[in-house]
Structures are given as structure tokens and as C-alpha cells.
Amino acid sequence: SLTKPTPAIATEDAQQTFVTNMLRPYAPNLKKADDSMVELPYSLFDAVDELTNKILSKASSYVGAPGTIALLGGIQINTPDGVS
């Protein structure tokens, strides 16, 4: 099911399970995309961005005045040697 979280089967699967569950809301977009492998990093970025902002909204009050939090994000695509 696309909406039911998947439990981690083994400890080494925990991170992949977490990422998979974060991407579940983006499944419809991935399914209808012309190329799901092109859409995937954008969906993953959006999921991580949402999580990061949730964390910051709760933790930012712990930054002492006049503290500032700066975030830098992007998408990195690993390609084989000779491919850009």
C-alpha cells in the first residue's frame, strides 16, 4: 500500500525504510512522471526540505539571540566517470 508505512526489517534497513516512508506522499507524482528517475531527486529534496523545516521550527528557539540559522540545500547527481 502507498499509504501504510513499511516497518524496518533489519537495523541496516532502517535508513532506507525511513526514506521510503518519507517518499510515500510523492508516489503519485513519481508514477505519473515521464521519467520517474528524473522526478525522484526532486521529490526526495522536497521531503528532506519539509523534514528539515519541521525540525528547525521546533529547535530554532534554542538558538541564542541574535542567532541565525542558515540552510544550504541542493540536488547532487552522481554519474559515472566521463558523464556529466
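Which residues make the nonpolar surface patch of about 460 Å²? I looked this up at the start. The patch is made by V38, Y42, F45, I75 and I77.

**Entry: the model.** I note that this is a predicted model. The chain averages a pLDDT of 82. I find that 83% of the residues score at least 70. Where pLDDT is low, the predicted coordinates should not be read in detail. I then ranked the elements by mean pLDDT. Helix α2 (residues 27-32) has the highest value, 94. Helix α1 (residues 14-23) has the lowest, 87.

**Entry: layout.** I count 3 helices and 0 strands in the chain. Along the sequence the pattern reads α-α-α. I looked up the contacts between residues at least 6 apart in sequence: 32% of them join residues at least 24 apart.

**Entry: surface and burial.** The accessible surface of the chain comes to about 7100 Å². Carbon and sulfur atoms hold 58% of that surface. The chain has 84 residues, and 12% of them are buried.

**Entry: Y42.** I went back to the patch and picked one member. Y42 belongs to helix α3, which covers residues 36-59. Is Y42 buried or partly exposed? Y42 is partly exposed, because its relative accessible area is 49%, and the cut-off for exposed is over 50%. Y42 shares the nonpolar patch with F45 and I75, among others.

**Entry: S43.** Next I checked S43, also placed in helix α3. S43 has 2% relative accessibility, so S43 counts as buried. The cut-off for buried is under 20%. What does S43 touch, leaving aside its neighbours within four places in sequence? I find contacts with L23, Y26 and L30. L23 is itself listed among the buried residues of α1.

**Entry: helix α3.** I tested the length of this helix. Its 24 residues, at 1.5 Å a residue, should span 34 Å. The end C-alpha atoms are 34 Å apart, so the expected span and the model agree. I then listed the buried residues of α3: S43, A47 and L56. What covers these buried residues includes α1 and α2.

**Entry: helix α1.** Which residues of α1 are buried? I find T17, M22 and L23. The buried residues of α1 pack against α2 and α3.

**Entry: A27.** I moved on to helix α2, where A27 is found. A27 counts as buried because its relative accessibility is 11%. I took a distance from A27 to L40. They are 13 residues apart in sequence. Their C-alpha atoms are 9.4 Å apart in space.

**Entry: salt bridge.** How many salt bridges does a search of the whole structure find? I get 1. Side chains of opposite charge can pair when their charged atoms come close. Here the side chains of E50 and K54 meet, with 3.5 Å from N to O. Why do these two line up along the helix? E50 and K54 are 4 residues apart in helix α3, so about one helical turn separates them. An α-helix has 3.6 residues a turn, so residues three or four places apart point the same way. I also checked the accessibility of E50. E50 is partly exposed, with a relative accessible area of 41%.

**Entry: recap.** I keep three items from helix α3. Y42 is partly exposed and helps make the nonpolar patch. S43 is buried and in contact with L23, Y26 and L30. E50 pairs with K54 in a salt bridge.

Note on methods:
Residues are numbered from 1 along each chain as its sequence is written. This is a predicted model: local features need pLDDT of at least 70, side-chain atom pairs count only at pLDDT 80 or more; totals for chains, interfaces and linings use all residues. Side-chain values use heavy atoms; hydrogens and water are left out. Buried means under 20% relative accessible area, exposed over 50%, partly exposed in between (1.4 Å probe, protein chains only). Contact means heavy atoms within 4.5 Å. Accessible areas come from the Shrake-Rupley method with a 1.4 Å probe; for residues, only the protein chains shown count as cover. Patches are made of residues with over 30% relative accessible area and no salt bridge: like charges are joined within 9 Å, nonpolar side chains (Val, Leu, Ile, Met, Phe, Trp, Tyr) within 5 Å. A salt bridge is a side-chain nitrogen of Lys or Arg within 4 Å of a carboxyl oxygen of Asp or Glu. pLDDT is the predictor's confidence in each residue, from 0 to 100. The expected span of a helix is 1.5 Å times one less than its number of residues.
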